Amino acid sequence: MSAGPLGQIGAAEPHGGALLSRPPKGAGKGRQAPRSQRIARYAVLILVLGWLVLPLFAMLEFSTRGDIDPVTKAATRSLQSYAAILTSPGLLDSIIVSLQIAALTVFGMLLLLVPTMVWTVVRVPRMRRVIEFLCLLPLAIPAIVIVVGVGPIYQFMGQHLGAVGASPLTLTFIDIILVLPYSYRAIDSSLRGIDTATLADAARSLGAGWPRTIFQVIVPNIRGGILSASVLAIALVLGEFTISSLLSFNTVQVVIYLLGKRDPFVSVAVSLLALVFAFALLFAISRFAPGAERRGQRATEEPA
Amino acid sequence: MTSATSSSAETGHGVAVVFEDMHRWYGTVHALQGLSIDIAPGELIALLGPSGCGKTTALRALGGLDVVDQGRILVDGKDMTHVPTNKRNMGIVFQAYSLFPNMTSRDNVAYGLRLRGVDTKARNAKAQEMLELVGLKEQASKYPHQMSGGQQQRVALARALAIEPKVLLLDEPLSALDAKVRRSLREEIRRIQIMLGITTLFVTHDQEEALAMGDRVGVMNAGRLEQIAPPAELYDKPKTRFVAEFVGLTNRIPGKASDGTVDVAGTRVPLLPGATDRGAVQALVRPENVHLTAADDGNGRVLAVSFLGSLCRAQVVLPDETIVVAQMAASDSTQLIPGAAVRVSVVPAPVFAVAE
């Protein structure tokens, strides 16, 4: 909103004539934080940015190092590490596999969570706590415990289900569980933002069955939460190392780790690209998530 | 129980609705205790009562949004008790704003028709017609967040009517609105309801709304229907103590009852059926039936006077310390000032009385 303080007050209080009067002298200045506070804020901002950006710069610097110039003895800049991503054995395949796992995880997570959560809110609200507890449980279980628990199952699948059982795509089942806490939170906050029960009642009274109620009425109104949940799931899957490594599946993180031992420059280049990809996704959510703009405005005039 | 006929009932094309001995338990809470109501085609029944009395449960049961544990619901003679909500063809307007935020007004109104397979052109035309009916033709392309609360509830009404429902259910649709909008919208709802002749169940805790809108008003208390009657009858001839005290303002004035009458402030007043008719009682007298006359030797003293526009309300204390409220035309209250002596008398209209 581009209006000054006076305009904003007037717009927010349509019936508050008294609020339209001139604000007391110095009221505008009073809103500005004291100089010391502003300095402290900038200091914190710079520290945080430094904390986040410096390692990225270091990675960029490291991954773009070229050969030593024989004349000047200075390091040259080169993108050969990035070009090598395409030729490093197994790396491209592992990236494709990880993206496939991420896509399947997102699909499975949404299929599991969205109908369950909507049903819980609308039909059995007393179960909300139970569902929340179950979804948050993976946070409290160490990865090694999960691996020990599911190890025999994977062993069985590998022995009896042939190529399907031995496929790294079976990691999807574990990844769906791992992303539940984060995805649950994202979708739950969106569901709390709308009157889910009333919208569902309204849709059903108009003739919609449950599938239409969920997919035509509820889902479009929690798109922001679904998008956030999906991006968080993708970021988590692309960053998951422990379980893949312990179960001996070559996902991108495992291959990066192995590559790091052989060619650290390519390893860092891939890591940097993965981070940039994750940041780009998060930025896209905050910038383009539906509803953010709409929630900011509401009609205030009330015609009789 | 028979239904009172009304102008809308006579001209309407609505259907009859019957609640037959409905019971509903929530755990140990008996929310509906044998509720039975006959609603005539085209009639608007207002269910009135305090929070938790079961009025919304009854409405939700009719709409299929809640189940009944015992009893039946008949609509146009057909048993609808176990028919799913989406097969009942009933229009519901909810207390909370229930427009789908991702759809424009037009799409909201057309949604029910879309579910019924009506083609885009026809459903948009119908939506436009309905929006015109509620006076929001110009708002067709707006999203709910771009409209005020009153406009949203109008669109919700248009959406409920667009599917040409058998019954219209209004679940406190005005309670989230401010007083001025509430009044204008309730008149609009009533106008449309009479025009379409649609059978309507309206749930509210606001007496004024119920009395102003209902062909008949049902007063509910603790899951039971205390009385159902046309507004004037409900107000003038309450059948139970709860109705007498819940509907309208009531003075409790001590008196002695005998032979079907009660002596109140020196006036013998006939008792309504069901009232305590023997011994010391408290007569429940409407403020407009209390008459004040300025008199130095009067039996009351004015405590306070409230100006309400065309009306005026005065608080008077009697010799036994009973405080009585009298209501009169503002023009008749010029001599009433705090401290003035007045003679208090009661108009001999039938009253309800309870044991003291």
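This briefing covers a sheet in chain B, the contact between chains A and B, and the confidence of chain A. The model is predicted, so that local features need pLDDT of at least 70 and side-chain atom pairs count only at pLDDT 80 or more, whereas totals for chains, interfaces and linings use all residues. Residues are numbered from 1 along each chain as its sequence is written, with chains lettered from A and ligands numbered from 1 in the order in which they are written.

**Sheet in chain B**
- Five strands of chain B (strands being DSSP runs of E, at least two residues, and helices runs of H or I, at least four, numbered from the N terminus) form an open antiparallel sheet in the order 15-19-16-17-18, where pairing requires at least two DSSP bridges.
- Strand 15 (290–294) and strand 18 (323–329) of chain B are the edge strands, each pairing on one side only.
- Strand 16 (residues 300–308) and strand 19 (residues 341–346) of chain B pair antiparallel over two bridges, and Arg301(B) has Ala341(B) in strand 19 as its bridge partner.

**Contact between the chains**
- In chain B, 27 residues are in contact with 24 residues of chain A, contact meaning that C-beta atoms, placed from the backbone, lie within 7 Å.
- Strand 6 (90–93), helix 3 (105–115), helix 5 (149–162) and helix 6 (179–196) of chain B each supply at least two residues of the side that touches chain A.

**Confidence in chain A**
- Chain A averages a pLDDT (the predictor's confidence in each residue, from 0 to 100) of 81, and 84% of the residues score at least 70.
- Among the elements of chain A, helix 1 (residues 5–12) has the lowest mean pLDDT, 32, and helix 10 (residues 196–205) the highest, 94.
- Where pLDDT is low, the predicted coordinates should not be read in detail.

Note on methods. Two residues are in contact if their C-beta atoms, placed from the backbone, lie within 7 Å.
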